[in-house]
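Biologist: I have the model open and would like to go through it piece by piece. Can we start with what you count as a contact between polar atoms?

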Amino acid sequence: MVYFSEYDSPIGRLLLLSDGEALTGLQIEGIIPGGALPGGELPVLAKAEAWLDRYFLGEDPPIAFPLAPEGTDFQRKVWDILLTIAKGETRTYGGIAREMAAVLGKDKMSAQAVGGAVGRNPIAILIPCHRVIGANGSLTGYAGGIDRKRWLLRHEGWKGEGTV
């Protein structure tokens, strides 16, 4: 079963999805999946909304509820690395590729493969794919749009300029 709630944020309407126990999705301007049920009473959705309240007030709240993004083992490993990027900081696709190579015991890893995994992150903002930038500082590849990516980064105190 899929449950949802909607959250009005400074960057637009956010769609939160849950399996009833964990947060499984957070989409910017997302479309409610067919058959999804309103989950207004689910503790995990209430906790996610409270986290978003604090985040948009400028805090850096810990994630104190379960996340269950659905993806391949490779994607989940990339998303785990994203969770280590601190608020106000960024990493490049190439830098994450080097980290993934070390995790997988390989000499090197494709930055494009990492970019594909970053782009399939189903839990935006909480799993901070917006903190990944191009090698030259460019703001690339954000499903919510580059303007929202720039807004999120500046909201977090990022000092970079970031070209498109």
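Modeller: A polar contact is a pair of N or O atoms within 3.5 Å, where one can donate a hydrogen and the other can accept it. Keep in mind that this is a predicted model.

Biologist: Fine. What does the side chain of N121 reach at 2.7 Å?

Modeller: The backbone oxygen of I127. A polar atom of the N121 side chain also lies 2.9 Å from the backbone nitrogen of I123.

Biologist: Where does N121 lie, and is it buried or exposed?

Modeller: N121 is in the loop between α4 and β6. Its relative accessible area is 11%, and buried means under 20%, so N121 counts as buried.

Biologist: Which residues does N121 touch further along the sequence?

Modeller: Leaving out residues up to four places away, N121 touches W79, I127 and C129.

Biologist: Switching to the sheet. What is the strand order?

Modeller: The order is β3-β2-β1-β4, in an open sheet of four strands with mixed pairing. β3 and β4 (37-38) are at the edges with a single partner strand each, so one side of each has no neighbour in the sheet.

Biologist: How many bridges join β1 to β2?

Modeller: Seven, and the two strands run antiparallel. F4, for example, stands opposite L17 in β2. A helix, α1, packs on this sheet and touches β1, β2 and β3. The direction of α1 makes about 15° with that of β1.

Biologist: And β2 with β3?

Modeller: Those two are antiparallel as well, over five bridges. L14 has I28 as its bridge partner in β3. The hairpin of β2 and β3 has four residues between the strands, and G20 takes a positive phi near 105° there.

Biologist: Back to β1. What does the side chain of S5 make a polar contact with?

Modeller: With the side chain of E49, at 2.7 Å. S5 is in strand β1 (residues 3-9), and it counts as buried because its relative accessibility is 9%. Apart from neighbours within four places in sequence, S5 is in contact with L14, L15, L16, L45 and E49.

Biologist: L14 again. Which residues have the most contacts inside the largest nonpolar core?

Modeller: L14 and I125, in a core of 37 residues. At least two residues each come from β2 (12-18), β3 (23-28), α1 (43-56), α2 (73-82), α3 (93-104) and α4 (111-119). α1 gives the largest share, seven residues.

Biologist: What does L14 touch?

Modeller: Not counting residues up to four places away, the list includes L26, I28, L52, F56 and I125, along with S5 and Y7.

Biologist: What about another core?

Modeller: Another lies apart from the largest one and has five residues, among them I133, L139, I146 and W158.

Biologist: Last topic, α3. How many residues does it have, and how far does it reach?

Modeller: α3 has 12 residues and reaches 16 Å from its first C-alpha to its last, close to the 16 Å expected. Just after α3, G105 takes a positive phi of about 70°.

Biologist: Which residues of α3 are buried, and what covers them?

Modeller: The buried ones are Y93, G95, I96, A97, M100 and A101. Their cover includes α2, β5 (91-92), α4, β6 (132-133) and α5 (146-155).

Terms used
Residues numbered from 1 in each chain as written. Predicted model: local features only at pLDDT ≥ 70, side-chain atom pairs only at ≥ 80, totals over all residues. Heavy atoms only, no water. Core = buried A, V, L, I, M, F, W, Y, C linked by side-chain atoms within 4.5 Å. Buried < 20%, exposed > 50% of the residue type's maximum accessible area, 1.4 Å probe, protein only. Contact = heavy atoms within 4.5 Å. Expected span 1.5 Å × (residues − 1). Pairing = 2+ DSSP bridges. Axes fitted to C-alpha atoms, helices over the stretch in contact; angles between N-to-C directions.
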